[in-house]
Amino acid sequence: MDYILADKLKITRPFVFLCGPNYERNKIADRRNILRENIHRIYKMQGQEVLPLIVDPFLAGKYIDFNKYSVQLLEEICAAVSCQTHILLDTMSVATELGIFANSTYSNELCVYIPKNSDVFNQGNVGTFVREVVLKNPAANIRYFEYRPRIIRRAYSSVFTAEHYAFNNDRIPKNIKEVLKEDAKGNKLICDLPIIYDDSTSIPSEVNHIAYTYKNSKLDINISIKLLFYIVTSIFQQEYPEITKGKIDDLTQAQLHNICTYTENAIINSVSFFLGIDRKSLTETHISTILKIDNKDAIQHIAKFILIYYTKSQFKFMELITSSEYTAIKMKIGEHPDVIFNLSKDQMQVVNFVVKNPELCYECVNLKLGKKVREIIKYAKSEEGDNAKKLHQSMNEMFREEYKHSIYSYAYHQGSSIRKCVDCHINSRSFVKMDIKNFFNCISKDILLKKIENDQNIDKRYEHLLNDIISSIYYNEKLPLGLVMSPIISDYYLFEFDGQVGKYCESKALIYTRYADDIMISSSSTIEEQLYMEIMDFVSNLLNRLNLKLNKDKCESVHFDKNQSFIRYIGINIVKGENGALNYLSVGKKYIYALAKDYLKYDNFCSALENITSEEKEKMQTNVFYMRTELIGKISFIRQIEGERGIERLKVRLCKYYPDIDLKAL
């Protein structure tokens, strides 16, 4: 299992940090305790679950090992993840926190509360610097409000009196309360934004943006701290749900390593998908934030923040995010289509061209086979056609490396042959022969796509790429005869079918083979009518699920008896042995006779060569070459199927014309 980013960044429990001097956790009268309770209550009345947090526990040495963690880095994280910060600006030390949280890099709004100037006796507390420099021309994200405090003065000498401030009657000032009510009306702290990917080298200014550059298989990614925080939080809660119960004080090195790995993978997975590339093809990746530190350090500090929240904060009983808001989604990351086709950028451009312009890449040819005319799609004799053919040849090689053919199929793969297919049935006595109607053209692209997706675990995010690749081998929404990929695709399409029929036949003591669209099921005993109908129904139903049908005109059942002594299957006769002898294979009488005619024609052409001009001779020699090549192939086929017996049968047919014929001399 791995992670990928959700389509949106959703934050329904935003952080509101409360800063100020001299926090007393257990004192109800502490102004930040009063602010926290009012913020929580006012926003809750508006149906919002805001998390107002006192910042001190996240930075206190009491909870943090300063040898392991940086306070400055934790401050940066607090400022980055805060949606709104309320600062009780009484002293110069608090002015420092104002500077951190007011950083323009972070989308953080500040509400600054200062004692009314006329009420302050000790001007050194807030002083000229804060009023004249910090607040006179505040940044756009800073609002400040004066309130009349209850002042506690303590004289330490005749020249120094310390002032401490509180809310009158331990109640929030009316003007501050009105500000909180107004802010709560607009749901402005809630975040529900789409994740946007920008081709840029800059650190994103928007929390929901991810910037990237991709060149020469190198991917550089820039991400906001806030987005990184919610990715880590999502993964943290899914991997270690026990943290929500406050049972973990710190991470082990193994846990930290896992969180870092999952976080980086989630980000890289998402950007890779957006770019449509296989992340396995990346030679180098780098993820950066504005902190300019190692990702492991940033994630380690974010993890510490999360741990402090669930162990020390006032809202530790509330999960930071719910499962419906996970920024990083735990899921099974599938494969890229490259796992089977491994196409380059240039090849993908050819894919897109072929899909959009098939008429420039292919041409239709009507091929006459006996009385039938069959439409063949071939590659156009053009640059576009050559490019399409080269593309498919490359795809074919890659696909063959991945594809393990069915043990019942004997077509289109190395080591198989017609002879091996028919040999499986040579000792049978009953046969059921079937033919798949218009096989190639009826192979459903949708079913094929779904099969490849499931078999190769193609990630759903890459379905559009796979669809384009497979569409490039279809023509007019049909898998055509004549293209390089069509044979292997057709065999792959029936892989599960072969397994199901094979298993069924084994349970019935039957033998099953398939050669392309030709199916044979046989038995050493009689296949009765009832079993024949059961076989036909079983096979038909399986084919129907694949958008295929049987050609009923070519289906037959044969049983060797006194009336039936052979069955022809994929161009070969299985012949019944006489008087208890074993069955044998034959190419058939018609094949022998037709080959004898071809030989006569060839011989006549050879004789004619002696009586023609040199110009005509060159053309006829080419014809003779092809005729001779065809004859050699057919004679070899006879020898493969029948052995020397078949060669003798051919010689007998030719002997009346050529008494001393030597076929080996051919």
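Start by selecting Phe-15 in this predicted model and show the residues that touch Phe-15 from more than four places away in sequence. They are Leu-51 and Leu-53, then Val-81, Ser-82, Cys-83 and Gln-84, then Phe-229 and Tyr-230, and finally Phe-305, Tyr-309 and Leu-320.

Next, widen the selection to the core around this residue. Phe-15 is among the residues with the most contacts inside the largest nonpolar core, which has 84 residues. Phe-17, Phe-229, Phe-236 and Tyr-309 are listed with Phe-15 in that respect. To see where the largest share of this core comes from, select helix α8, residues 295-312, which supplies 10 residues. In soluble globular proteins, nonpolar side chains tend to be buried together.

Then go to Ile-443, Ile-452, Val-501 and Leu-546. These belong to a second core of 53 residues, separate from the one just visited.

Now colour the chain by domain. The domain assignment gives 3-331 as domain 1, 407-584 as domain 2 and 589-657 as domain 3.

Keep domain 2 and domain 3 on screen; their C-alpha centres are 34 Å apart. How many residues of each are in contact? Domain 2 contributes 5 and domain 3 contributes 4. About 450 Å² is buried between the two domains, with carbon and sulfur atoms giving 57% of that area. On the domain 2 side, select Arg-419, Ile-572 and Tyr-584: these lose the most area to domain 3, together 70% of what that side buries.

Last, look for polar links across this interface. There are 2 residue pairs in polar contact between domain 2 and domain 3, and the count of salt bridges is 0.

Definitions and conventions:
Residues numbered from 1 in each chain as written. Predicted model: local features only at pLDDT ≥ 70, side-chain atom pairs only at ≥ 80, totals over all residues. Heavy atoms only, no water. Core = buried A, V, L, I, M, F, W, Y, C linked by side-chain atoms within 4.5 Å. Buried < 20%, exposed > 50% of the residue type's maximum accessible area, 1.4 Å probe, protein only. Helix = DSSP H or I, 4+ residues; strand = E, 2+ residues; numbered from the N terminus. Contact = heavy atoms within 4.5 Å. Domains from an automatic or database assignment. Buried area = accessible area lost by both parts, 1.4 Å probe. Salt bridge = Lys/Arg side-chain N within 4 Å of Asp/Glu carboxyl O. Polar contact = N/O pair within 3.5 Å; in protein donor to acceptor, adjacent residues only side chain to side chain.
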